Amino acid sequence: MQTVVSGIRPTGNLHLGNYFGAVKSFIKMQEEYNCFFFIADWHSLTTHPHPDNLRNNVKTILCEYLACGVDPEKATIYVQSDVKQIPELYLYLNMNAYIGELERVTSFKEKVRQNPNNVNAGLLTYPTLMCADIIIHHADKVPVGKDQEQNMEMARHFASRFNQIYGVEYFKEPESFYFNQKAVKVPGLDGSGKMGKSEGNAIYLCDDEATIRKKVMKAVTDAGPTQMNQEKPEAIRNLFTLMEIVSEPSTYDYFNDQYNNMAIRYGDMKKQLAADINAFCAPIRERILEYQANDEFLQKVANMGAEKACASAQKTLEDVREIIGFHR
Ligand code: ADP
Ligand code: TRP
């Protein structure tokens, strides 16, 4: 059976981008693959060096994974920092990673630009830690959104470089997995770019109905099309992309026809979109609250996951130590 690994950093609540970019695939994949889904708390230290409440943030993501339908009986759900073998593999991978290639990673350059006072070594070596997460369980597939393509490329480089340096065929090159074969980028509602926590434009799975409505009604639009069947400007395209993701195809087709016929009323479209997003989020929101009140169960899930993930990681580290040539 093929193996799947993926994780999300605990830096806030999950939003629609996280769900449709990653978590939706988790739920599908757990049915047919050997899955490891984790909470990337070490990764969060690269940008949040003084996490206000790390334990609570980890609990939040755990509840949200479960509320979305990630099933601890089917998948191994764990907290990254419970698996102490990961930093050992990270150390070995760092020995074979070059500063130049790490400095060229787009997301690194972007983070340096955003936060020039916190260019730490952890940020630079983010791709080697991510690679360690993935290859420690010999993942074949990694469900992620489009923004992770370059990190995935790096993970493949580091895996094959390890094999090359030590003259083995040990690690596989992991491939990205996209729900419908196509990389997903859920847009934000502010007219451009992707939905993201740091972009401040996210609709969270735990948002209540009024919050969702307020956010959607504020979305950027324009004065409307001036020609039949005209190409949509980015902000409008984003609104349609969201509708394509959360609404029924017939709803999407209806508003798309309205646009093409120059009869579109953005207010109506937004009301429908808000209602459809709420219909999607409401049951998840309820389950989040239920899990949040059940610390005992959450602890059990995390313990069970840690045990399984450590066993898998331990086996890899024993092989790796042997391959590199450490004495026992
Ligand atoms: P954020 O950008 O909000 O900080 P993360 O970087 O923690 O979110 O992303 C966690 C996962 O969710 C990754 O697999 C990422 O590719 C995916 N993801 C995040 N935002 C989006 C988006 N707007 N569209 C598609 N996937 C996304
Ligand atoms: N880099 C991913 C993100 O920002 C999180 C992550 C860390 C990850 N390690 C991973 C994703 C391993 C997939 C596999 O969203």
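**Exercise 1. Find which atom of ligand 2 the Tyr-126 side chain contacts, then describe the surroundings of ligand 2.**

Step 1. Start at Tyr-126. A polar atom of its side chain lies 2.7 Å from a nitrogen atom of ligand 2. That is a polar contact (a pair of N or O atoms within 3.5 Å; within protein, one must be able to donate a hydrogen and the other to accept it, and residues adjacent in sequence count only if both atoms are side-chain atoms). The model is predicted: local features need pLDDT of at least 70, side-chain atom pairs count only at pLDDT 80 or more, and totals for chains, interfaces and linings use all residues. Residues are numbered from 1 along each chain as its sequence is written, chains are lettered from A and ligands numbered from 1 in written order, and side-chain values use heavy atoms, without hydrogens and water.

Step 2. Add the other partners. The Gln-148 side chain places an N or O atom 2.9 Å from a nitrogen of ligand 2. For Arg-9, a side-chain N or O atom is 3.4 Å from an oxygen of ligand 2.

Step 3. Check the cover. Alone, ligand 2 exposes 360 Å², and the protein buries 91% of that (Shrake-Rupley method, 1.4 Å probe).

Step 4. Assign the shell (residues with a heavy atom within 4 Å). Helix 8 (126–135) and strand 1 each give two or more residues. Helix 8 gives the most, with four. Helices (H or I, at least four residues) and strands (E, at least two) are DSSP runs, numbered from the N terminus.

**Exercise 2. Determine how ligand 1 is held by polar contacts and how much of its area is buried.**

Step 1. Take the side chains. An N or O atom of Lys-194 is 2.8 Å from an oxygen of ligand 1. For Arg-9 the corresponding distance to an oxygen of ligand 1 is 3.2 Å.

Step 2. Take the backbone. An N or O atom of Gly-17 lies 3.2 Å from a nitrogen of ligand 1.

Step 3. Compute the cover. Ligand 1 alone exposes 530 Å², of which the protein buries 95%.

Step 4. Find the main contributor. Helix 1 (residues 16–29) gives the most to this shell, with four residues.

**Exercise 3. Count the disulfides and examine Cys-131 and Cys-281.**

Step 1. Apply the rule (two cysteine sulfur atoms within 2.5 Å). The count is zero.

Step 2. Inspect Cys-131. Its nearest cysteine sulfur, in Cys-310, is 19 Å away.

Step 3. Inspect Cys-281. The closest cysteine sulfur, in Cys-206, is 8.7 Å away, so a bond is ruled out by distance.

Step 4. Classify Cys-281. Its relative accessible area is 0%, so Cys-281 is buried (under 20%; exposed is over 50%, partly exposed in between; 1.4 Å probe, protein chains only).
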